[in-house]
Amino acid sequence: MTTPLRLALIQMNIEAGNPDANFAKMEAKLEAAATFEPKPDLIILPEMWNTGYALTEIVALADPDGSRTKAVISEFCRKHNVNVLAGSIAQLRGDAVTNTIHVFDRNGGIIAEYSKIHLFQLMNEHLHLEAGDAPGNFELEGTSAAAMICYDIRFPELARKLALGGAKILFVPAEWPHPRLHHWRTLLQARAIENQMYVVSCNTVGESGGANFFGHSMVIDPWGEVIAEASEEETILTAEVDLELVDEVRGRIPVFADRRPSIYE
Ligand SMILES: O=C(O)CCC(=O)C(=O)O
């Protein structure tokens, strides 16, 4: 991967239950991000951007095997020579729906797939979605990266597993609503600080399906400093990250060398 890595996070409103409208908006935003100078290396989308939280109709609305998403985003990646972490989509597999991220490389190939492991009972996800069962480590142009989705950030043991699996940058597509901005910020910063890695979170914004989402997508460095943060409007947030900082921070406070897993694992 090139250093620095240029990121573009698409913080968009999602129309719950209207995949056609969401595809049209997502495609327009991707095209807009591709015109930025300097051009992004990786574009990131929020959680469940195709359907929003229309969970009672989710089987009818979900993308069968992700085929529509794969066709549209593969072509976009090839056309613009850019990587895309396609947030997550509601994906139909057989009779079940998963909340799944696909990562596309510059040739439009799918290099990783991750399905949300922890389903959020407060929004009834457990009644309508099937949980994933594999951690989301992947390699992107030579850099070890990982993904989790929204509620997953409340589980530090998953973030630590991803870091132990080599991740230097963690991507977090989300639909995280008001009023828990304090939790969002604190948990994201904590995952960055304790694992000494970049955390890149892309939230949705505005009213959707009866809930209000505050945006505040952010890029946090391995010291826990917020280096870019969006407002509460639709926007495309850009940031450049220097992945060498991860090794520098890990060298300065050797948390990984100082672990005592025989005591607490
Ligand atoms: O954990 C939270 O407070 C929000 C989680 C959430 O909205 C989700 O996972 O979709």
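**Exercise 1.** Which residue in S6 does Val-84 stand opposite?

*Solution.* Let us start with the strands; keep in mind that this is a predicted model.

- Step 1: Find strand S4, residues 83–85, and then S6, residues 96–104.
- Step 2: These strands run antiparallel, with 2 bridges joining them.
- Step 3: Look across from Val-84, and you reach Phe-104 in S6.

**Exercise 2.** Work out how S6 pairs with S5 and with S7, and say how well S6 is covered.

*Solution.* Take one neighbour at a time.

- Step 1: Strand S5 spans residues 89–93, and its antiparallel pairing with S6 has 5 bridges. Ala-90 has Asn-99 in S6 as its bridge partner.
- Step 2: In the hairpin of S5 and S6, 2 residues sit between the strands, and Gly-94 has a positive phi near 65°.
- Step 3: Strand S7, residues 110–115, is also antiparallel to S6, and 5 bridges join the two. Here Thr-100 is opposite Ser-115 in S7.
- Step 4: The hairpin of S6 and S7 has 5 residues between the strands; in this hairpin Gly-108 adopts a positive phi near 85°.
- Step 5: Now check the cover: 8 of the 9 residues of S6 are buried, and the strand is mostly covered.

**Exercise 3.** Describe the domain that UniProt records, and how far apart its ends lie.

*Solution.* Begin with the record, then turn to the model.

- Step 1: The unreviewed UniProt entry places "domain: CN hydrolase" at residues 5–243.
- Step 2: In the model, the end C-alpha atoms of this span are 8 Å apart.
- Step 3: Helix makes up 26% of residues 5–243, and strand 33%.

**Exercise 4.** List the residues that surround the ligand and sort them by class.

*Solution.* Gather the names before counting.

- Step 1: Around the ligand are Phe-120, Met-123, Cys-150, Tyr-151, Arg-154, Glu-175, Trp-176, Pro-177, Arg-180 and His-183.
- Step 2: By class, this shell has 6 nonpolar, 1 polar and 3 charged residues.

**Exercise 5.** Check the length of helix H6 and find which of its residues are buried or exposed.

*Solution.* Length comes before the faces.

- Step 1: H6 covers residues 181–195, so its 15 residues, at 1.5 Å a residue, should span 21 Å.
- Step 2: The end C-alpha atoms of H6 are 21 Å apart, which agrees.
- Step 3: Buried in H6 are Trp-184, Leu-187, Leu-188, Arg-191, Ala-192 and Asn-195.
- Step 4: Seen down the axis of H6, the buried residues lie within an arc of 130°, so they line one face of the helix.
- Step 5: His-182 and Thr-186 are exposed on the other side of H6.

Methods
Residues are numbered from 1 along each chain as its sequence is written. This is a predicted model: local features need pLDDT of at least 70, side-chain atom pairs count only at pLDDT 80 or more; totals for chains, interfaces and linings use all residues. A residue is buried if 20 or more other C-beta atoms lie within 10 Å of its own, exposed if 12 or fewer, and partly exposed in between; C-beta atoms are placed from the backbone. Helices (H or I, at least four residues) and strands (E, at least two) are DSSP runs, numbered from the N terminus. Two strands pair if DSSP finds at least two bridges between them. UniProt positions are given in the numbering used here, feature names are shortened, and annotations may be inferred rather than shown by experiment. A residue is near a molecule or strand if its C-beta atom, placed from the backbone, lies within 6 Å of it. Ala, Val, Leu, Ile, Met, Phe, Trp, Tyr, Cys and Pro count as nonpolar, Asp, Glu, Lys and Arg as charged, and the others, Gly among them, as polar. The expected span of a helix is 1.5 Å times one less than its number of residues. The arc is that of the directions from the helix axis to the C-beta atoms.
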